[in-house]
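Grab a coffee and work through a few exercises on the structure below. Try each task yourself before reading the solution.

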Amino acid sequence: MFQRLDLREFDTSFTFAGRAIPAREGENLAAAILRADIKAFRSTPRSGAPRGPYCMMGVCFECLVTVDGEPNRQACLETVHGGMVVEPQAGAAEINR
Amino acid sequence: MTAPFDVAIIGAGPAGMAAAVMARKQGLSCVVFDEAGRPGGQIYRAVTERPERDRQDILGPDYYAGLDLVEAFQRSGAEHRAGTMVWSIAEGEIHWRSRSGSGVTFARRIVAAAGAMERPFPLRGWTLPGVMTAGAAQILLKSAGLVEDDIVFVGCGPLLYLVAAQYCRAGHPPRLVIETTPRRNLGAALPHLPRALLAARYLFKGLGLIRELRAAGVRIERGVEQVELEGEDAIRGVRWRSGGRWQRADTGRVALHQGVVPNVNLAMALRCRHLWDERQRCWRPALDEWNRSSQPWLWIAGDEAGIAGAVSARLSGAIAALDIARDLGAIDERERNRAGTPLRAALGRDRAVRPFLETLYRPSDVFVVPQADDVIICRCEEVTRGEIARVVKEGAAGPNQAKGFLRCGMGPCQGRMCGHTVTETMSALSGKGQEEIGYFRQRMPIKPITTGEIAASAPFDGAGA
Ligand SMILES: Cc1cc2nc3c(=O)[nH]c(=O)nc-3n(C[C@H](O)[C@H](O)[C@H](O)COP(=O)(O)OP(=O)(O)OC[C@H]3O[C@@H](n4cnc5c(N)ncnc54)[C@H](O)[C@@H]3O)c2cc1C
Ligand code: FES
């Protein structure tokens with residue numbers, strides 16, 4: 001499990017898959033979810049296999065989640081805002097290429 | 001339309017920041033885009049945030065060396081568009097998206113300084129949740145202050161040792177380091193050692209990291225020839241073979257690393273000429289000695305131009321900006337050469353260590369080309385080595401045919417996670433060189449965006465483009 005070196009108190013919370021997760025306003029979203037001991041953020045379109053953050057720098061797209069109803073957000077590039085509603089992304093991402 | 005900037009820079013890492021500082025020094029107007037919220041790039045990520053004493057001890061002096069540059073950048077008068085992702089560029093224009101919307105910015109010359117990413121590490125089980133890159137573990141440490149108490153590091157290269165040592169300094173020595181550097185690399189690297197001594201501080205730093213791991217009592221398995229990651233819905237354990245013998249350890253987190261490769265999507269999509277770098281095992285753009293690409297309006301600096309690390313990134317950014325100042329007529333060729341010659345000499349000295357390091361840590365064939373048919377190569381579309389082998393047998397000549405048949409490289413990561421593996425695998429299976437096999441044909445947008453965002457970004461305020 002991830003341990004915190006930064007011992008400042010949490011000042012807000014958000015939900016992931018309905019579960020309340022304590023956090024600090026403005027911190028990295030993927031980091032906050034990982035810290036809550038959640039490893040899988042989404043499932044793949046082809047086989048439904050679970051996936052979680054791999055690169056933490058925006059290149060792998062394994063951290064895709066829905067944020068306040070908006071799909072395809074990369075959790076590793078998002079920041080936490082109190083009360084935000086985050087859902088794992090299941091299956092196909094509607095992405096324009 | 002507002003007046004264009006003289007220079008637009010993509011990336012606020014050491015290369016992009018140094019380019020901006022130099023461009024401003026030559027009197028050029030300058031805008032810098034970075035999808036990250038703060039300047040610094042990979043090495044200096046979050047350096048301005050919480051420079052408390054604790055992190056200095058953990059992250060080391062090379063990390064804090066970035067503070068000067070960040071401050072010079074912030075004082076330079078260059079406009080920093082933080083949290084702004086560039087999804088397309090063309091001559092004279094940059095298309096971007098930020099939290100507050102999307103748009104287009106005009107600029108006479110462009111510097112691409114988008115840095116590097118970690119080389120794909122296609123092992124059986126590398127897609128399991130809980131498996132990440134060593135760089136990802138470092139990002140969690142640097143920007144979120146998180147350390148995993150049960151982590152196994154697997155792979156090779158200086159960054160693997162650096163992150164493992166940073167874990168030790170944070171009071172959480174990794175439970176195991178599985179080192180995949182082929183034993184024969186050392187012999188091959190030795191002839192490069194005398195030259196490497198010109199940049200000896202890198203060698204001392206490397207030896208120091210290994211000493212730190214030993215002092216912390218970290219178990220290191222060397223000369224490992226095969227690795228597999230186990231688990232159903234998440235990582236549970238790792239198996240490895242060395243000297244013909246299999247061993248196993250339980251773990252809930254694995255960090256993989258086998259070197260970094262340039263972020264090629266942007267320059268590839270612009271059809272810049274690229275070369276296969278055999279020693280670094282990666283694609284890199286063909287550049288002139290002032291870092292100008294085969295597109296005359298585009299310069300490429302830092303690790304995107306070929307892996308050379310933070311000090312070289314800084315120098316190459318400044319060199320590119322000087323040449324742009326000459327190209328735009330702000331200075332003449334003599335002035336450029338006078339200012340640029342010492343920078344280029346410093347670059348030569350800094351890079352003296354590269355042939356040694358690159359040969360020593362050159363990843364082994366068996367880890368860049370998966371050996372078993374069920375190993376996933378394209379993570380997004382879940383395409384395996386077996387499927388690639390089948391289309392090679394059926395006559396697919398290169399990655400674009402593999403893409404057409406298998407959707408390999410067509411997911412949201414746009415081939416970043418599989419491109420190098422596909423080139424190497426098709427080369428190994430067909431016996432053709434990597435250069436002949438080629439890479440995926442890239443196109444804009446280089447990051448997935450919605451149709452609405454494309455429309456919002458039409459040049460000339462929607463009056464048609
Ligand atoms: C994960 C990782 C960790 C590393 N850690 C270290 C370390 O600790 N020590 C070390 O010596 N070296 C490290 N390196 C090597 C590193 O590449 C160099 O040291 C150095 O950071 C290269 O500088 P750069 O300016 O070329 O690129 P970078 O520092 O990578 O900067 C590139 C910047 O471009 C931005 N960017 C990329 N694409 C876009 C886009 N489309 N739109 C907007 N912005 C974009 C990125 O957000 C990034 O900030 C690391 C590399 C990686 C990949
Ligand atoms: S973890 Fe790779 S894109 Fe977010």
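What follows is a set of tasks, each with a worked solution.

This is a predicted model, in which local features need pLDDT of at least 70 and side-chain atom pairs count only at pLDDT 80 or more, while totals for chains, interfaces and linings use all residues. Residues are numbered from 1 along each chain as its sequence is written, chains are lettered from A and ligands numbered from 1 in the order in which they are written, and side-chain values use heavy atoms, with hydrogens and water left out.

**Exercise 1. Find out what the predictor's confidence is for chain B and for the complex.**

Step 1: pLDDT is the predictor's confidence in each residue, from 0 to 100. Chain B has a mean of 94, with 97% of its residues at 70 or more.

Step 2: Check for weak spots. Residues 460-465 of chain B have a pLDDT below 50, and this stretch makes four contacts (heavy atoms within 4.5 Å) beyond near neighbours in sequence.

Step 3: For the complex, both the ipTM and the pTM come out at 0.95.

**Exercise 2. Work out how many disulfides there are, and check B:Cys156 and B:Cys413.**

Step 1: Set the rule: a disulfide is a pair of cysteine sulfur atoms within 2.5 Å. Searching the whole structure turns up zero over all chains.

Step 2: Take B:Cys156. Its closest cysteine sulfur sits in B:Cys282, 13 Å off, so that is too far for a bond.

Step 3: Now B:Cys413. The nearest cysteine sulfur belongs to B:Cys380, 3.8 Å away, and B:Cys413 is in no disulfide.

Step 4: Look at accessibility, where buried means under 20% relative accessible area, exposed over 50% and partly exposed in between (1.4 Å probe, protein chains only). B:Cys156 is buried at 1%, and B:Cys413 is buried at 2%.

**Exercise 3. Check the span of helix α6 of chain B, then ask whether its residues are buried or exposed.**

Step 1: Helices (H or I, at least four residues) and strands (E, at least two) are DSSP runs, numbered from the N terminus. The expected span of a helix is 1.5 Å times one less than its number of residues.

Step 2: α6(B) covers residues 158-169, so its 12 residues should span 16 Å; the end C-alpha atoms are 16 Å apart, which agrees.

Step 3: Nine of the 12 residues are buried, so α6(B) is largely enclosed by the rest of the structure. Among them are B:Leu160, B:Tyr161 and B:Cys168.

Step 4: After α6(B) comes B:Gly171, with a positive phi near 85 degrees.

**Exercise 4. Describe the contact between chain A and chain B.**

Step 1: Chain A contributes 39 residues and chain B 59 residues.

Step 2: Buried area is the accessible area (1.4 Å probe) that two parts lose on being put together, summed over both. Here that is about 4200 Å², with carbon and sulfur atoms giving 55%.

Step 3: Count salt bridges, each a side-chain nitrogen of Lys or Arg within 4 Å of a carboxyl oxygen of Asp or Glu. There are four between chain A and chain B, including A:Arg46 with B:Glu387 at 3.1 Å, N to O.

**Exercise 5. Which residue pairs with B:Arg344 in a salt bridge?**

Step 1: The partner is B:Glu289, with the closest N and O atoms 2.9 Å apart.

Step 2: Locate the two. B:Arg344 lies in helix α12 (residues 333-350) and B:Glu289 in the loop between β19 (282-285) and β20 (298-300), 55 residues apart, so the pair links distant parts of chain B.

Step 3: B:Arg344 is partly exposed at 28%, whereas B:Glu289 is exposed at 54%.
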